[in-house]
Amino acid sequence: MNNSEIIANLLLSEGEGKIGNIHENAEQIIINYMEKMRLLELNYFNIENENKSILMYIKKYILAEITDQMSKYDVNQIQSLCLDFAAELSRISCSLYNHKYKDIKLKELFDLAAFLGIDIKENRYQERMGLLKEAVNFIFYNTRNANKCNNSITIKQFMNLINLEASVIILDQIYFSLNNDPQMSIVIDKCWKGEKIRSQKLQSESKKLETIKNQENENLYGEKEQVIIDKFEEVMGFSDKTLEVFIDKYFNGQDELKINNKYKLASILHLSQKQMQNFENIMFFDFDKIRKQKFIKNENCSLFTTPFVHKNSDTNLYVMKYNLVEAAMYLRKRIIYRKIPMKRKLSILIKELRNERELPKIKERILEKGKRPVGINKDFGKDMRTKYLIDNEKKIPHEIDLFYKKDDTLIIYDLKDYEIPFSLAALSKVKKKLNGEAGKLLRLKKLILENIDCFIEAIGFEFNKVNVGILLTRDINNVSNACGVDVLAIQEFNDHIGEYI
């Protein structure tokens, strides 16, 4: 069985055949460990916030098994298998989304699957794809400290490592979900047909996530987005398009490219010394960036976004063609969502063009509904009447994006531009960010009310109360509240503007 066939089984299998899908395999490993701990004598076990430490106990044993397994095999061979599997996963992604580098045979296979009623873009398959990518990432990461050994590893043994790593990721996901929702309950039932680790709340979240994906209207290729990318390329010396030129010119039918060192790469890409430093920070796999919150997709350290790697004891640089293709696709998103280090002027440009282009329109619509005080982009940190108050506070917004008067109340909205979450972990991450932003707004509200005269002078109209909210540039329809602060999409605000003003 070749790599393509193995990956197809890990993605598509539904409890049939010798190779289960990646999620089933990982669940079974967790169940096996729970049976060894005699936790499933009733065939099922409920995990809640009070006993969630069990998850980390199981994780400790699985990590020990991963370390033990990796110490038995040739690290260089494991790394090569990781790169081969990662390249195949990227080939699938490019073909699935009809990229210019798509594999025609794979595309025909997906068309046939669609004809048979299997939509590989469906949420469950994409979750498995994400899980598989994460597992491969962390096996590669774990080679950093693995003991040197000359024993060859078989595909079956490598698959076992993938399944073990996937089980660790699932344990982290469950723990994270319980941490973020103390009322959640997870049932682990070894006799259940289908997913053996389940939660009604998680299933509900998954269905809502599917709705979000179907409503996806993300535009990364608009006119203003291209201005951002052009400016990035002018400053940094590269972009998604220059990477595609590099692919077309230097791979010459190969799946893997070896480059002597980073200075040779800088010469090929025509990058200055400073630009090469930036390229290295943005496009090289850096083991040190992957330590925190490993189960949440780390776009700044992944074989699929930062594909230039060093293998053990080797000064050469390696990059797989399809990993670089996928990384070029991701690069545009990483730039536009400011996920990578960049010059402050470029960050401000992105905010102006991408995040705040709707604010003047909203201001005009509010004014059309009647004469009332309204403003946008007010920076309290630059206003001498409020600067000293703001500077003495931590974790508080200096600037408010939209504000207006409704009766005797100051209404404040903070505008946020989050990418569409494509997994439950990513959705949890968005919710965590929203909770953080809500906390900042509530602290600002408290500061304003405690120093109301200063802020009345700064804003230019009188008020007795303050309400705060968060506006999203796109709809994430199962998030409407964060820590008591209303969350709504700009589209919803516009559609029901009379209710909000």
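This passage walks through the overall make-up, the six-stranded sheet and the aromatic contacts of a predicted model.

Starting with the whole chain, there are 501 residues, and 51% of them count as buried. The secondary structure adds up to 20 helices and 11 strands. Contacts reach well along the sequence: taking pairs of residues at least 6 apart, 71% of the contacts join residues at least 24 apart. On the outside, the protein chain exposes about 24500 Å², with carbon and sulfur atoms supplying 47% of that area.

Now to the sheet. Six strands make it up, and reading across it the order is β6-β7-β8-β9-β11-β10. The sheet is open and its pairing is mixed. At the edges sit β6 (374-379) and β10 (481-482), each of which pairs on one side only. As a general point, strands of a sheet pair through backbone hydrogen bonds, in either a parallel or an antiparallel sense. Both senses turn up here: β8 and β9 run parallel, whereas β10 and β11 are antiparallel.

Strand β9 (residues 465-472) is a good place to look more closely. On one side, eight bridges join β9 to β8 (residues 409-416). Lysine 416 has leucine 472 of β9 as its bridge partner. On the other side of β9 in the strand order comes β11, which spans residues 485-489 and is joined to β9 by four bridges, again in parallel. Here leucine 471 is partnered by leucine 488 in β11. Is β9 enclosed by the rest of the structure or left open, and why? Six of its eight residues have under 20% relative accessible area and so count as buried; β9 is therefore largely enclosed by the rest of the structure.

Beyond β11 the sheet ends with β10, one of the edge strands. Two bridges hold β10 and β11 together, and across this pairing asparagine 481 stands opposite aspartate 486 in β11. A helix also packs against the sheet: α15 (residues 359-368) lies across β6, β7 (399-406), β8 and β9. Relative to β6, helix α15 runs at about 145°.

The aromatic side chains come next, with 16 aromatic pairs in the structure. One of them joins phenylalanine 232 to phenylalanine 238, edge-to-face, at 5.5 Å centre to centre and with 85° between the planes. Both partners are tucked away: phenylalanine 232 is buried at a relative accessible area of 0%, and phenylalanine 238 is buried at 1%. Another edge-to-face pair is made by phenylalanine 380 and phenylalanine 455, whose centres are 5.0 Å apart, with 85° between the planes. What does this pair tie together? Phenylalanine 380 lies in the loop between β6 and α16 (387-391), while phenylalanine 455 belongs to helix α18 (residues 452-459), so the pair links parts that are 75 residues apart in sequence. Phenylalanine 380 and phenylalanine 455 are both buried.

Phenylalanine 232 and phenylalanine 238 also belong to a wider group. One aromatic cluster takes in Phe232, Phe238, Phe246, Tyr250, Phe251, Phe279, Phe284 and Phe308.

Elsewhere, tyrosine rings meet lysine side chains. Lysine 36 lies over the face of tyrosine 33, at 4.8 Å from the ring centre. Likewise, lysine 60 lies over the face of tyrosine 61, in this case at 5.6 Å from the ring centre.

Methods. Residues are numbered from 1 along each chain as its sequence is written. This is a predicted model: local features need pLDDT of at least 70, side-chain atom pairs count only at pLDDT 80 or more; totals for chains, interfaces and linings use all residues. Side-chain values use heavy atoms; hydrogens and water are left out. Buried means under 20% relative accessible area, exposed over 50%, partly exposed in between (1.4 Å probe, protein chains only). Two strands pair if DSSP finds at least two bridges between them. Contact means heavy atoms within 4.5 Å. Axes are lines fitted to C-alpha atoms, for helices over the stretch in contact, and angles run from 0 to 180 degrees between N-to-C directions. Accessible areas come from the Shrake-Rupley method with a 1.4 Å probe; for residues, only the protein chains shown count as cover. Rings of Phe, Tyr and Trp (its six-membered ring) pair if their centres lie within 6.5 Å; planes under 30 degrees apart count as stacked, over 60 as edge-to-face and the rest as tilted. A charge sits over a ring if NZ of Lys or CZ of Arg is within 6 Å of the ring centre and within 35 degrees of the ring normal.
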